[in-house]
Amino acid sequence: MFSFYKVTLVLFIIFFAVFIVHNNLFANEDDNHLVLKNKIFDLKYSNMVNLEFIEFNDYDNLIKKNITYKEINDEKLKLDILYPEIKLTKNYPVVVYIHGGGFIRGDKDEIYDLKPLVDEWHKNGWIIISINYRLLYGDKIFPDNYRDVKDAIYWVINNKSKYNFDIDKICAVGHSAGGTLALLAGLDNDKINCIVSMSGPTKLYGEETFEFRKKIMSAINKNDFDENIMKKASPINYLKKDSPPIMLLHGTKDNFVPFSQSKLFYDKAQEIGAECKLISIEGSGHVLEFSYMPRMPYLKKEITSFMEENINDK
């Protein structure tokens, strides 16, 4: 009888050990590490961890490229979805990234040049959606590109179940012309929790912006200046006290979009009581080189901290 109980106990221990190993789920409270499916996740990278949902995504299927979100005039507008390796919550908070290029060039692949920043976002369990939009040449004019960005956001909302998007946690981020479009879309959509604009134009009219406007008109190959269109394309005109939180980053030596563009927007935000943070990057030009500039660890932290504070709030 004694031997029977001993054998039973040994078998129970073996089966329990097999169960634990099979699930590969261990937590070390002292080291603040979680080991899941033989991979290590550092819990310090996120305050949104829910052990009920945490899992590792398929490493070979983390990027879904060239998904059509809109067709117009025989042109297919596409987006890429970049999944984090680790799924921390039931649904993914969403970062919509909008590329730059002076409104006439550029591509959604710009996001792959920002890998250090993308990695930081992924550590928080956020999904990144990088979009293309119509470029302003030929018969295309504003607000064609803006409508595309809005439609991309609507696509996210309408496909929340298919891709597990958390549509209550969306941040719009853009660089240069993409920063302008991120501001325009975020200031006109109550589904956007926060906005990050890097080197983005904010005011495209007025005497103080004359030299800058000449560059814009030259970039889009138009000699005529439509004051009404430029006002409609200027995010500063849509800023309100209850606008979502905004972060502006701008190099003080930007020779294409002058630093004053972000300063004008920031000053108006201060005047009306809107929540806006401006980070001036001393000596930096138009391109924010996240892979190379020695100050980028600081900027990555600032951007991600701002987004983390606001992506959960309306």
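This section describes the sheet, the helices packed on it, the aromatic pairs and three buried residues of a predicted model.

The sheet is open and contains eight strands, arranged in the order β5-β6-β9-β8-β10-β11-β12-β13 with mixed pairing. Its edges are formed by β5 (63-72) and β13 (276-281), each of which pairs on one side only. Between neighbouring strands of this sheet the average turn is 20°, direction ignored. Strands of a sheet pair through backbone hydrogen bonds, in either the parallel or the antiparallel sense.

At the β5 edge, β5 and β6 run antiparallel and are joined by seven bridges. Within this pairing, glutamate 71 has lysine 76 of β6 as its bridge partner. The two strands form a hairpin with two residues between them, in which asparagine 73 adopts a positive phi near 50°. Strand β6 also pairs with β9, again in the antiparallel sense, over four bridges. Here the bridge partner of aspartate 80 is serine 130, in β9.

At the β13 edge the pairing is parallel: β12 (residues 246-251) and β13 are connected over six bridges. Glycine 251 is matched in β13 by isoleucine 281, its bridge partner.

Two helices lie across strands of the sheet. Helix α2 (residues 115-123) crosses β6 (75-82), β8 (92-98), β9 (127-131) and β10 (165-175), and runs at about 140° to β9. Helix α8 (residues 260-272) lies across β12 and β13, with an angle of about 150° to β13.

Cysteine 276 belongs to strand β13. With a relative accessible area of 11%, cysteine 276 is buried. Beyond its neighbours within four places in sequence, cysteine 276 contacts Ile246, Leu248, Phe265, Tyr266, Ala269 and Gln270. The C-alpha atoms of cysteine 276 and cysteine 194 are 10.0 Å apart, with a sequence separation of 82 residues.

Helix α3 (residues 144-158) comprises 15 residues and spans 21 Å from its first C-alpha to its last, close to the 21 Å expected at 1.5 Å a residue. The buried residues of α3 are Asp144, Asn145, Tyr146, Asp148, Val149, Ala152, Ile153, Trp155, Val156 and Ile157. Asparagine 145, which lies in this helix, has a relative accessibility of 0% and therefore counts as buried. Leaving out residues up to four places away in sequence, asparagine 145 touches Phe103, Tyr133, Arg134, Leu136 and Leu181.

Glycine 186 is located in helix α5 (residues 177-187). Its relative accessible area is 1%, and glycine 186 is thus buried. Apart from neighbours within four places in sequence, the contacts of glycine 186 are Ile192, Ile195 and Pro244. Proline 235 is 49 residues from glycine 186 along the chain, and the C-alpha atoms of these two residues are separated by 9.6 Å.

A search of the whole structure for aromatic pairs returned five. Tyrosine 83 and tyrosine 92 have ring centres 5.5 Å apart and planes at 75°, so this pair is edge-to-face. Both tyrosine 83 and tyrosine 92 are buried. In the pair of phenylalanine 142 and tyrosine 146, the ring centres are 6.2 Å apart and the planes stand at 20°, so the arrangement is stacked. Phenylalanine 142 and tyrosine 146 are likewise buried, and tyrosine 146 is one of the buried residues of α3. A single aromatic cluster is formed by Trp155, Tyr163 and Phe165. Of these, Trp155 is listed among the buried residues of α3.

Two lysine residues are placed over tyrosine rings. Lysine 87 lies over the face of tyrosine 92, at 5.6 Å from the ring centre; tyrosine 92 is also part of the edge-to-face pair with tyrosine 83. The charged end of lysine 203 is positioned over the ring of tyrosine 205, 5.0 Å from its centre.

How values were computed. Residues numbered from 1 in each chain as written. Predicted model: local features only at pLDDT ≥ 70, side-chain atom pairs only at ≥ 80, totals over all residues. Heavy atoms only, no water. Phe/Tyr/Trp six-rings, centres within 6.5 Å; stacked < 30°, edge-to-face > 60°. Buried < 20%, exposed > 50% of the residue type's maximum accessible area, 1.4 Å probe, protein only. Lys NZ or Arg CZ within 6 Å of the ring centre and 35° of its normal. Expected span 1.5 Å × (residues − 1). Pairing = 2+ DSSP bridges. Axes fitted to C-alpha atoms, helices over the stretch in contact; angles between N-to-C directions. Contact = heavy atoms within 4.5 Å.
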